[in-house]
Amino acid sequence: MRRAGIVALNTFREAVRDRVLYSLVFFALLMMVAAIVVGQISIGIEESVIVSLGLSAISVIGLLISIFLGVALVSKEMEKRTLFALLAKPVRRWEFLLGKFGGLVLTLAVNTAAMALGLLLVMLYVKHTLERSDAVVLVAVYFILLKLALIVALALLFSCYTTPLLAILFTAGLYIVGLYVQELRNLPVDVMNPGTAAFTKWLSYLLPNFENFNVMALAAHGRAVPGALILQNTLYAVIYCSMVLTAASVVFSRRNLK
Amino acid sequence: MPGSAIEIENLTKEYPFGFLHLRKKTSLEGLNMQVETGEVFGFIGPNGAGKSTTIKLLMGLIFPTAGNARILGKPISDVEMHRDIGYLPEQPYFYDYLTAAEVLDYFARFHDLTAADRKERVQRMLKKVGLETAGKIQLRKYSKGMLQRVGLAQAILHDPKLVILDEPMSGLDPVGRREVRDIILELKRDGKTVMFSTHILSDAEVLCDRVGVIVGGKLRGVGAPGQMVDMKTQGMEIVFELPAGSNAPLLSKVTKMGERYRLQVPEEELYAAIEQLRGAGARIHSVTQVKATLEEFFMNLVEADRAQAAAVEVNGK
Amino acid sequence: MKSQKSMAWVLLLVLPLGLAGIWRLQHSIDGQRGTLSQERDDILLRSGKLMKLMSLEYAPLMADIYWTRVVQYYGNKHSQGKTNLELLWPLLDITTTLDPKLLVAYRFGAVFLAQAAPAGAGRPDLAVELIKRGIEANPDYWRLYEDLGFVYYFDLKDYQKASEAFLEGSKRPNAQVWMKVMAANIAAEGESFSTSFFLWRDIYESASDPSVRKNALMQLQLLKAKEECRQLDALADEYQKRNGKRPTRMAELIQAGLLRGVPKDPAGFVYVFGEYGKAELNVDSPLLEQQLLMERYKK
């Protein structure tokens, strides 16, 4: 675990030096423009527009980072052969993988936290005051982070056994599927044959369900998220990440590094 | 000798390739070899002979199709064994967003060293490989030779008992090669075991206690460099000038190069030839040993191979 | 290698446990989210034109996606027994703006926008607008005229315009002959059982959407039941004329030789006489509930 921590810190350092945190500047600019414009065009719903826009931006920026950097985490080290010298040190491959995962999640956490702070500042600017109920925005940000962690894990898994380009496609594809997985249950099950219907039902419960983490509508209207859901979603992300990372470790431990 | 540092038993590596990975290329075939503790072992062969494949198998970067190996008495799957070995990959590349000092410090962290100890070692290693002035520059600005030096530094940073170097001389200028030689000899003096691969015979000859020759994925012989038949001296070369008009003896064997003449004679006839040249008033410029060139040496083995069966050529990279 | 094998065992252990956990968690998360009743119906963009601009060259694909949203929206609302279908129009509006050739959307809209609650949104005006747009984009498709006449006939009770629509449609290529007959019939007698029955049957037979068909079938059954009640009332009048009192049970009609067997509604339940001596659906019949619902919303 200590070795995984060393790898994680280095991954974080890499992200910082590769100017990942520059995305914050983009976010800041977007929110500043939004804060000015929103007062002009939407009367009465400024706050919810700001919250929706801010959360969407946090989510999209995070998604881009987690998919592209998530895939690059391992594939870049294999491609550039920086991995060779490292694996000759007393490090197990799963420790390396776990460290890479932890490093990127740490980066995302810092990045997301900074953006959340920015969002709160803009809300303060628009409303002139912050209330207790605005804490729901932080819950929404936390859920986004959980979602991003799961995406990083999936990106790692895919990048362990396929090319970076395919891994990006798979990860993005699974994310989109995961947004609509709930809709599988709305399909007209009665017109399908029982086998397909059962399969659809299984899929709808077992595929990563990214809609679980979406509380943007609640946050936009300042309505509270129950504590039970926070707990359940945390558990969901932890279990799913563990499964995916274990699978990634198994795949990666068997991989010949050429 | 307290046992072998590396024991390799029947190590075989096949790579699947082609449609659905149905066909196989053998890049290493039943390798049996030992590297004894305290010796400098040279692993020589042409490009694609299986040197890198063997070393990567030892380092656990790739997995053998058959056979196994033990390093310092432990199986290669045992991660603890890596505490005592240093490895320089072929054409090493490191995180280019780090400086040389940072990359060394990063690697040192895996070896349970204190912060002060790490700092001291990193400085010492940078000095040893001649990078003390470049330690604060990001590696993306480094040349190939400088990266090779960083690679060497990280391989010996933690004072390992066994150092495995994959083509340590490649990418270096003559000064750099000299420095690497010195480092290897210093490691030997300190009682370390060194195994390095090279396709440059003279490096092996100068440094090694023993060499192993590998061609086409098969080991062709192990022994002291001088014992290897094909590496023995083929003769002596004399370069000389003749005063105008004088008639040189042995002229039938001489090749003319501008003003100078070149003569090759068997070693035992050297003194006789020199006597004759002196008699003719020749001015001798140089006398050097002539050895089989690398190409000649390996080509002989490769051709023998082809004669037996279809040659197996796999690039170990 | 040994470590690889043990990793694989770990995976064999972790995967089933993890998936079992995910299965259970997903159920409880669904339950938890269900209580939040987040209205996810909101449409971010109500302007079809803007939507079309934003979908680049993929507008037809977006139209298909919106069309599935229409069907899901209707299906969800219907299965939950909710009657406010206020988003049906904007959804259909966007869908048909994105792809004006998506005929199924017009036909679906004609039925469910026009019909009164609970089956539809009760907005025949919007239905007419939608169909007229459809006719503009697809002038040769005679069934859209049928739908237009249908809305005028059933929901707006404007028999003049209904007749005109059928007549206009009959002139389109491939239009079926009965369109002309329908125009004449409606012009002559307004609403009649045979016309209504024919129209619903045609919808039932020509539609491919299951909810449209289901709705048409129910309408047909109700129509039939209404007609049969009317005939039974006529028989009861006859009975009253002969015996001086209204029958209270169907058996009396049979004894009097006016009926040959026990009369049953399309759902298979026996008709009864109500308190005013009028023939009615049996309380057990599922059709009764539908009939009551429709009458309640008509007011």
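1. Helix α7 of chain C meets helix α8 of the same chain through Trp142(C), Tyr145(C), Glu146(C), Leu148(C), Gly149(C), Tyr152(C) and Tyr153(C), which face Tyr159(C), Lys161(C), Ala162(C), Ala165(C), Phe166(C), Glu168(C) and Gly169(C). Contact here requires C-beta atoms, placed from the backbone, within 7 Å, and helices are DSSP runs of H or I with at least four residues, while strands are runs of E with at least two, numbered from the N terminus. By class, this contact has 9 nonpolar, 2 polar and 3 charged residues; Ala, Val, Leu, Ile, Met, Phe, Trp, Tyr, Cys and Pro count as nonpolar, Asp, Glu, Lys and Arg as charged, and the others, Gly among them, as polar.

2. This is a predicted model, in which local features need pLDDT of at least 70 and side-chain atom pairs count only at pLDDT 80 or more, whereas totals for chains, interfaces and linings use all residues. Residues are numbered from 1 along each chain as its sequence is written, with chains lettered from A and ligands numbered from 1 in the order in which they are written.

3. The contact between chains B and A takes 22 residues from chain B and 19 from chain A. On the chain B side, α2 (100–109) and α4 (144–156) each supply at least two residues, and α2(B) gives the most, with 3 residues. That side of chain B has 15 nonpolar, 4 polar and 3 charged residues.

4. Strands β9 (210–215) and β10 (218–223) of chain B pair in the antiparallel sense over 5 bridges, where pairing requires at least two bridges found by DSSP. Val215(B) has Lys218(B) as its bridge partner, and in the hairpin's turn Gly216(B) has a positive phi of about 60°.

Note on methods: Two residues are in contact if their C-beta atoms, placed from the backbone, lie within 7 Å.
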